[in-house]
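Visitor: I am new to this structure and would like to learn how to read it, one feature at a time. Could you take me through it slowly?

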Amino acid sequence: MKGNLLVLSGPSGSGKSSLMKHVLQAIPDAYFSISSTTRAIREGEKEGVSYHFISKEAIEQDMEAGYYLEWAKVHDNYYGTSLKPILKALHEGRLVVCDIDVQGHKIAREKFGDVITSVFITTPDQKSLRERLCFRGTDSNDVIDKRLANAVSEMTCIKEYDYLLINDDLEETAHTLIAIALASRTKTALTDLGEFISSWANIE
């Protein structure tokens with residue numbers, strides 16, 4: 001049995017970070033793939049916990065060298081997922097949880113295929129998303145407007161995902177996401193079915 005990837009996408013402010021914490025607490029061997037970004041660190045964030053905060057030059061060099069699973073430019077900043085720790089975790093048979101945008105999901109799906117189970121997370125409507133972004137208090141009005149415009153574009157990609165979760169109640173949504181994460185580890189794509197069937201049939 002190989003490891004597998006659980007990809008989470010959705011608008012900024014939809015609650016992905018809080019939901020991921022629930023998954024990581026519920027599944028002891030899950031590994032969270034920490035993304036790299038060129039944006040400025042926000043108050044309360046920590047290097048190596050929230051993101052790896054690196055320079056534009058450094059991330060461009062690594063992307064060109066093929067060291068990233070996926071990358072995208074969002075709101076004039078780069079975001080990317082380093083490939084090396086993901087491959088190590090998959091080799092160890094772990095559940096790898098990634099928070100990547102819709103562009104990154106397309107690239108990751110091309111590279112890993114059925115090893116990926118993808119979930120799109122969003123709010124009940126655009127109004128509630130704006131309220132959450134305003135309540136967070138980390139972005140200017142201009143940035144919030146950009147995030148909302150980006151969210152509208154992201155919503156058109158929902159059909160490319162395996163699951164859709166509307167995060168109206170955090171505890172309920174977390175319960176559903178954990179169930180999806182556990183079920184994703186039993187996908188037939190993760191098993192050498194020929195070997196399993198041969199072994200199963202060879203009854204002594």
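**Reading the sheet and its surroundings**

Guide: Let us begin with one pair of residues, where L6 has V97 in strand 7 as its bridge partner. Please keep in mind throughout that this is a predicted model.

Visitor: How many bridges link strand 1 with strand 7, and in which sense do the two strands pair?

Guide: The general idea is that strands of a sheet pair through backbone hydrogen bonds, either parallel or antiparallel. Here strand 1 and strand 7 are joined by 5 bridges in the parallel sense, and strand 1 also runs parallel to strand 8, again with 5 bridges. On that side, L5 is matched with I116 of strand 8.

Visitor: In what order do the strands of the open sheet stand?

Guide: There are 5 strands in the order 2-7-1-8-9, and their pairing is parallel. Strand 2 and strand 9 (163-166) each have a single partner strand, so they form the edges, and one side of each has no neighbour in the sheet. If direction is ignored, neighbouring strands here are turned by 25 degrees against each other on average. At one edge, strand 2 runs parallel to strand 7 (residues 95-99) and is joined to it by 3 bridges, with Y31 facing V96 as its bridge partner in strand 7.

Visitor: How many residues of strand 1 are buried?

Guide: For this we need a cut-off, since a residue counts as buried when its relative accessible area is under 20%. In strand 1, 6 of its 6 residues are buried, and the strand is mostly covered. N4, L6 and L8 point one way from the strand while L5, V7 and S9 point the other way, and all of them are buried.

Visitor: Which helices lie across these strands?

Guide: Helix 3 (residues 84-91) lies across strand 1 (4-9), strand 2 and strand 7, and runs at about 150 degrees to strand 7. Helix 7 lies across strand 1, strand 7, strand 8 (116-122) and strand 9, at about 165 degrees to strand 9.

Visitor: At what angle does helix 1 cross helix 7?

Guide: For two helices, one looks at how far apart the axes are and at the angle between them. The axes of helix 1 (residues 16-26) and helix 7 (residues 170-184) cross at roughly 50 degrees and come within 9 Å, which means that helix 1 is oblique to helix 7. The crossing of helix 1 past helix 7 is right-handed. On the side of helix 1 the contact is made by S18, L19, H22, V23 and A26, and helix 7 contributes L170, E171, T173, A174, L177, I178 and A181. Sorted by class, this contact holds 8 nonpolar, 3 polar and 1 charged residues.

Visitor: Is I178 buried or exposed?

Guide: I178, which lies in helix 7, counts as buried because its relative accessibility is 18%. Leaving aside neighbours within four places in sequence, I178 is in contact with H22, V23 and A26. As for G48, which is 130 residues away along the chain, its C-alpha atom and that of I178 are separated by 24 Å.

Visitor: What angle do helix 5 and helix 6 make where they pack?

Guide: Helix 5 (residues 126-136) and helix 6 (residues 141-155) pack at about 145 degrees, and their axes are 10 Å apart. Helix 5 passes helix 6 in a right-handed crossing. The contact draws on Q126, L129, R130, L133, C134 and R136 from helix 5, together with I144, D145, R147, L148, A151 and V152 from helix 6. By class there are 7 nonpolar, 1 polar and 4 charged residues in this contact.

Visitor: Which strands form a hairpin?

Guide: A hairpin is read from its two strands and the turn between them. Strand 5 and strand 6 form one, with 2 residues between them, and H75 in the turn has a positive phi of about 55 degrees. Strand 5 (residues 68-74) runs antiparallel to strand 6 and is joined to it by 6 bridges, and Y68 has S82 of strand 6 as its partner. Strand 6 (residues 77-82) is also joined by 2 bridges to strand 3 (residues 36-37), again in the antiparallel sense, with T37 matched to Y79.

Visitor: Where is S35 placed, and what does it touch?

Guide: S35 sits in the loop between strand 2 (31-33) and strand 3. S35 counts as buried because its relative accessibility is 8%. Not counting residues up to four places away in sequence, S35 touches Y51, H52, G80, T81 and D99.

Definitions and conventions:
Residues numbered from 1 in each chain as written. Predicted model: local features only at pLDDT ≥ 70, side-chain atom pairs only at ≥ 80, totals over all residues. Heavy atoms only, no water. Axes fitted to C-alpha atoms, helices over the stretch in contact; angles between N-to-C directions. Helix = DSSP H or I, 4+ residues; strand = E, 2+ residues; numbered from the N terminus. Parallel < 35°, antiparallel > 145°, perpendicular 65-115°, else oblique. Left-handed = near helix turned anticlockwise from the far one by under 90°. Contact = heavy atoms within 4.5 Å. Nonpolar A, V, L, I, M, F, W, Y, C, P; charged D, E, K, R; others polar. Pairing = 2+ DSSP bridges. Buried < 20%, exposed > 50% of the residue type's maximum accessible area, 1.4 Å probe, protein only.
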